[in-house]
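Reader: I'm new to this one and would like to go through it step by step. Could you show me what we have?

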Amino acid sequence: MCHYTLEEIRNIRRTVNELGFEGREILEKYSDEHLREICNGIGPDWMPDIARDVVSAMNPTLEPVAALHDAAFCEGGSREQFLEANRCFAVNGTLAAKAAYSWYDPRRYRVMWQARKFAVICDRFGWTAWPPQR
């Protein structure tokens with residue numbers, strides 16, 4: 001099941017580029033149609049669609065961050081590349097939070113915390129899903 005429409009993918013791509021996400025150049029390798037196939041929302045492939053939909057709905061600011069992370073997972077590679085993809089998730093989540101919410105808005109800090117938390121979860125439990133370099 002595709003999580004995003006092509007228009008949503010275009011918006012995600014635009015957000016990633018406008019906010020200057022780290023690692024954004026990887027998206028240049030993929031068409032919108034291919035990104036639509038590999039971007040599944042927030043959560044691993046083994047997670048039921050409904051659970052990913054709930055996590056994504058609870059963290060909409062992080063959806064572009066997760067899409068970029070999905071592209072990195074599609075690429076695969078070394079352990080260092082895996083850790084770098086997860087580090088970028090935390091950094092880009094902070095960029096997304098700052099773009100979406102003012103410094104005095106508690107949601108900014110919740111999104112930043114969620115991004116760091118998801119990056120740590122990926123570091124600890126995501127390696128088995130990380131493919132070797134293609």
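Author: Let's settle one term before we start: a helix here is a DSSP run of H or I at least four residues long, and the helices are numbered from the N terminus. Keep in mind too that this is a predicted model.

Reader: Then where is Met47 found?

Author: We can place Met47 by the helices around it, H2 and H3, the latter covering 49–58. Met47 is in the loop between H2 and H3.

Reader: Is Met47 buried or exposed?

Author: The cut-off for buried is under 20% relative accessible area. Met47 has 17%, so it counts as buried.

Reader: Which residues does Met47 touch, leaving out those up to four places away in sequence?

Author: Contact means heavy atoms within 4.5 Å. With residues up to four places away in sequence left out, Met47 touches Arg52 and Val55.

Reader: And which residue does Arg52 form a salt bridge with?

Author: Arg52 itself is buried, because its relative accessible area is 5%. The partner sits three residues away in helix H3, so the two are separated by about one helical turn. That partner is partly exposed, at 29% relative accessible area. The closest N and O atoms are 2.5 Å apart, and the partner is Asp49.

Reader: Ile50 lies in helix H3 too. Is Ile50 buried or exposed?

Author: For a residue to be exposed, the cut-off is over 50% relative accessible area. Ile50 comes in at 62%, so Ile50 is exposed.

Reader: How big is the nonpolar surface patch that Ile50 helps make?

Author: Ile50 makes this patch together with Val54 and Met58. Its area is about 310 Å².

Reader: Let's go to helix H1. How far apart are its end C-alpha atoms?

Author: H1 runs over residues 6–18, which is 13 residues. At 1.5 Å a residue they should span 18 Å. The model agrees, because the end C-alpha atoms are apart by 18 Å.

Reader: Which side chains of H1 are buried, and what do they pack against?

Author: The buried residues are Ile9, Ile12, Arg13 and Val16. They cover an arc of only 100 degrees around the axis, which puts them on the same side of H1. What they pack against is helix H2 (32–38) and helix H4 (63–75).

Reader: Which residue just after H1 takes a positive phi?

Author: Look just past the end of H1 for a phi of about 65 degrees. The residue is Gly20.

Reader: What is the N to O distance in the salt bridge between Glu7 and Arg10?

Author: Both residues lie in helix H1, three residues apart, about one turn of the helix. Glu7 is partly exposed because its relative accessibility is 43%, and Arg10 is partly exposed at 34%. Their side chains meet with an N to O distance of 3.7 Å.

Reader: How many salt bridges does a search of the whole structure find?

Author: Another one joins Glu84 and Arg87 at 2.7 Å, N to O. These two lie three residues apart in helix H5. Elsewhere, salt bridges that share partners join Glu7, Arg10, Arg13 and Asp32 into one network. Over the whole structure, the search finds eight.

Reader: Now for H4. How many of its 13 residues are buried?

Author: The buried ones include Val65, Leu68, His69 and Phe73. They pack against H1, H2, H3, H5 and H6. H4 is largely enclosed by the rest of the structure, because the number of its residues that are buried is 12.

Reader: Last one, helix H6. Which helices do its buried residues pack against?

Author: H6 covers residues 106–125, and its end C-alpha atoms are 28 Å apart, which agrees with the expected span of 28 Å. Buried in H6 are Arg108, Val111, Met112, Gln114, Ala115, Phe118, Ala119 and Cys122. They cover an arc of only 160 degrees around the axis, which puts them on the same side of H6. The helices they pack against are H3, H4 and H5.

Reader: And which residues are exposed on the other side of H6?

Author: Here we turn away from the buried side. Exposed on the other side of H6 are Pro106, Arg124 and Phe125.

Technical notes:
Residues are numbered from 1 along each chain as its sequence is written. This is a predicted model: local features need pLDDT of at least 70, side-chain atom pairs count only at pLDDT 80 or more; totals for chains, interfaces and linings use all residues. Side-chain values use heavy atoms; hydrogens and water are left out. The expected span of a helix is 1.5 Å times one less than its number of residues. Buried means under 20% relative accessible area, exposed over 50%, partly exposed in between (1.4 Å probe, protein chains only). The arc is that of the directions from the helix axis to the C-beta atoms. Patches are made of residues with over 30% relative accessible area and no salt bridge: like charges are joined within 9 Å, nonpolar side chains (Val, Leu, Ile, Met, Phe, Trp, Tyr) within 5 Å. Accessible areas come from the Shrake-Rupley method with a 1.4 Å probe; for residues, only the protein chains shown count as cover. A salt bridge is a side-chain nitrogen of Lys or Arg within 4 Å of a carboxyl oxygen of Asp or Glu.
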